[in-house]
Amino acid sequence: MIGYTCKYTPIELLYALGETTELLNHEVTDFEYAEKWTHPNLCCHAKAFLLHSSELNELVLINCCDSIRRAYDVLLAQKSHRFLFLFDLPHIDDGCGQENVKKELVRLTQRYIEYHPVSFDRQRFLKACRASSVSSFDYASDAFFEAPSEATSKLKELDSAATFIAIVGARVSQELLSTIKEKVPYPVIDATCGGNRHLGLLPPNAENISFDELMDWYAKELLHFIPCMRMANIEPRRALWENENLCGIIYNTVKFCDYYSFDYSRVKKEASLPILKIESDFTPQTEGQLSTRLEAFLENIQARQKKPQKPKKQQLRHSDLFGGIDSGSTTTKMVVIDRNRKILASSLVSTGAQTQKSAQKALQETCRQLDIEPVDLASIVSTGYGRNNIAFATDSKTEITCHAKGAFFLDPTIRTIVDIGGQDSKIIRIDNQGSVVNFVMNDKCAAGTGRFLEMMARALELDIDNMVRTGLAWKSDLTISSMCTVFAESEVVSLIADNRSIADIVHGLNKSIASRITSMISRAGGQAPYMMTGGVARNTGVVRELEIKLGERLIISEIPELCGALGAALSALELMEG
Amino acid sequence: MNSIVHRFGRAVSSQVPQNPQLSRNILAAGYTLSGWKDAYFGGKGLKGVYAHMNAAISRNMSHSFRDSSRSAMVNIFFPCEILYAMDIAPVFPEALSVYIVNSDCGEVFAESAEAIGISESLCSYHKIMIGTARTGVLPKPLLIANTTLACDANQLSFRYLAEEYGSPHFIVDVPHTVNKESVHYVASQLKNFTVLLEDLLHSSMSESKLRYTVDRANRTIKAYREYLNIRARTSLPISMTGELFSLVATHVFLGTPESEQYAIAIKELAQKASPDRRKKRILWLHTLPNWQDSIRVLLENNERTEILASDMTYDTLIDMDPEKPYESMAERLVYNINNGGAQRRIDAAIAYAKKLHADGVIVFGQWGCKQTMGMSQLAKMALEEEGFPTLVLDGDGCDPRNVADGQMATRVNAFLEQLEASR
Ligand code: SF4
Ligand code: SF4
Ligand code: SF4
């Protein structure tokens, strides 16, 4: 069994040499092993691969990128593989490039035969090539070579599907791919490094021509795959997003992979489809994170109508009150409105260890204000991080949709919502109907969230309110250059040691968070007028710096924290109005 | 960093968003004056040699900001002899980014690149270069050309810039396989490059001028090689900035009179210098963070230690044959120690550590440079096996935002103490 990682691997040739192949594209739980041999900043796939590579004795790698080349160097030094081959793929796809690919094909064949005396089986080669000329997107496996009819039927299935979703970008792990396939009610194709290979038709005299000529044809076909970002000419990549049956693109990026961040900006510019960008790192994804994003994406392509989620409880009552509850990671908020969209009550409690409990508390508090019972609410929509754990909610919507709805209701002139919450921040762009056009979320990393400020306040031994007040009195302009929370913290500590005033440091921190947010805004293509929501909107220091950076005033409503809950309440009303 | 530089940087940064033309002019003026780093000026000995190189690079910078129609944007490994033979000046990201960070205005450019989604983990040299182009500060060059040696960043950022500017783009594909066939493949691409240049300039390449340029490059390489031989026995107070000058002299500037003069002058200085047994001798792998005062204090101009060489300066000091200019240039790419697997670079490090009598080695993990960071542990294992204590030092040669300054200084200091203890 030969392990490989890249679609350019000549697996048909390996099959002809009597071998079976396996795509090594799996996740790992940690990178300890790889980091011992390389460096934490190597791409996460290469690091995961280093661990999995030991499962097989034979490997064929493609000279893809710096990370893979270094992973190969490590394996070479470890001398632990019986057969280890690095295929030197050119960057150029012209005649010279083909010539080089062919030389590599011949070299691989020779090396393999030296290692394991077999001969090239032409019939097996032709069979595999035929299979690969019908299956294009799903990764070609030996099963396909053995039973090409299966491949054909899969392709037909794809052809007959009215619409499908493509995963484009950096390689998607097999685990992530299956999770996405499970969650998405459309056929999903993998157009990243593991799939997306398609050979053309065999030459008519394929049975008779010499091995050399056959390899000429094969080299040409390999270089005619839809190119990845490694290749010099990337124009043909358009085919990936210009398919008319495509209804949405999931754009995958891999942490510490540089190739695809360049591609993403282009795809975003050129493709007029809903695009969801996901950041993966070859470790198991947090289900919640992924679900929120996928749901928002599907809402965006109106997939929800096609695969309606069952309402959680049939407890709808006909009354005039509608609730929205926003279960965030730090606080839980609830808003109740009437049929005229007037806010009647609201509450804000901190989210404890149990989402459900805090939600109950928020519900009781609003009911107390109105002197009603929870059952008097006609419907309740939940949103936020914990939205799926709230038993009393009639339905749930993502925070993207709810924030957009709430903010648009508060001020229909706004086009961009800047929501800076305790644990995450998001930028949402809407059009003049209030529909979401694009959004960017920041998670995992604390920089650019309320949490960053909290951690810094701790380093300064201040509480948040004090920090805001102190920061306004700054005198000399100082820059905190580190973006990473850990670095920033040590920078703050050394500034304190340097006797810089606390006010100046706080101002520096405010600037740093503002610049982080500004870059998210430009990534989302933000446009004025802006509304800022979330708890940090009350932090005048940050708001001021952000306004300076943007050169625009930020609209801040009287209830910046309640925007998501308000949006959810509006959704609850819409639910009843049908 | 001194306050004049700081003010200069602020003047540039503040003009970038609204007025790229103005900040371009400020930068050009700054580089023309090029006297602001007065530490290198007017001095004798090594300082004087550095001053000349600094002036030459500054002229090159200000030229690229002023008259870009005769400049080509290239990566550091691109064989520029072809350009000089056609009177075209190169602009290259390492120098650009280093000069910009030393003018204290790098942040605005790096952020501008990140704002369009360029990953934060991209090599900062390239990120800042993209920023200067995107903000409109760096004007459109005549053409853009890069080799695929030694890293992916070349492939990505130059292609992006070519699209952004709408400039002609040429890629020299350097195979990973180190052999004669690869040399032929690269040589034929370099010939095609000349044809492209001839078309763009409506003039033809003078073969004799090319031979002349390659001959000068060859003399420079010889002189620099001799310098390193002598360096094995002597001590010189070279600085990090100085090593970057050497890098430029043995790469993009190769073929210019300035680079030849530089190599000869530094060789003559080494001949006159004497050994200094007290100092710990450090071989450095990769680029150097010359903006970082805390590290400079530890490694430059002191009684404790000296840097011997950065391995980027000796990556291909092989003879060139003026009668076969294209093959010679191609050989320098294919046989470069950065090509063909980490082991070649590690072997070269071991050979030079022995030859230069190094006491220890620092592998500089430049932010975003996967090819150096990826081999850092292998290099450490191999070098230590040969008896050279090795420090893997992560940092950034041009973007202070990615650096934990205090921590870095502590690590270097501890390493020096380690070397001293083993005396
Ligand atoms: S980027 Fe290209 S060469 Fe690299 S693994 Fe993916 S398909 Fe293969
Ligand atoms: S994910 Fe990116 S960096 Fe990693 S192996 Fe693939 S192309 Fe290389
Ligand atoms: S530092 Fe590394 S990644 Fe950056 S340009 Fe140089 S070789 Fe490439």
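A residue is counted as near a molecule if one of its heavy atoms lies within 4 Å of that molecule. In this predicted model, local features need pLDDT of at least 70 and side-chain atom pairs count only at pLDDT 80 or more, whereas totals for chains, interfaces and linings use all residues. Residues are numbered from 1 along each chain as its sequence is written, chains are lettered from A and ligands numbered from 1 in the order in which they are written, and side-chain values use heavy atoms, with hydrogens and water left out.

Ligand 1 is surrounded by A:Cys6, A:Lys7, A:Tyr8, A:Cys64, A:Arg171, A:Cys193, A:Cys228, A:Arg230 and A:Tyr260. This shell comprises six nonpolar, no polar and three charged residues; Ala, Val, Leu, Ile, Met, Phe, Trp, Tyr, Cys and Pro count as nonpolar, Asp, Glu, Lys and Arg as charged, and the others, Gly among them, as polar. The surroundings of ligand 2 include A:Cys43, A:His45, A:Cys65 and A:Tyr259, and its shell has six nonpolar, one polar and one charged residues.

Ligand 3 is bordered by residues of chain B, among them B:Glu94, B:Cys123, B:His126 and B:Gln371. Four nonpolar, four polar and one charged residues make up the shell of ligand 3.

The two chains were then examined together. In chain A, 52 residues are in contact (heavy atoms within 4.5 Å) with 50 residues of chain B. The area buried between the chains, that is, the accessible area (1.4 Å probe) lost by two parts on being put together, summed over both, is about 4,200 Å², and carbon and sulfur atoms give 55% of it. Five salt bridges (a side-chain nitrogen of Lys or Arg within 4 Å of a carboxyl oxygen of Asp or Glu) are found across this interface. A salt bridge joins the side chains of A:Lys549 and B:Glu111, at 3.5 Å from N to O.
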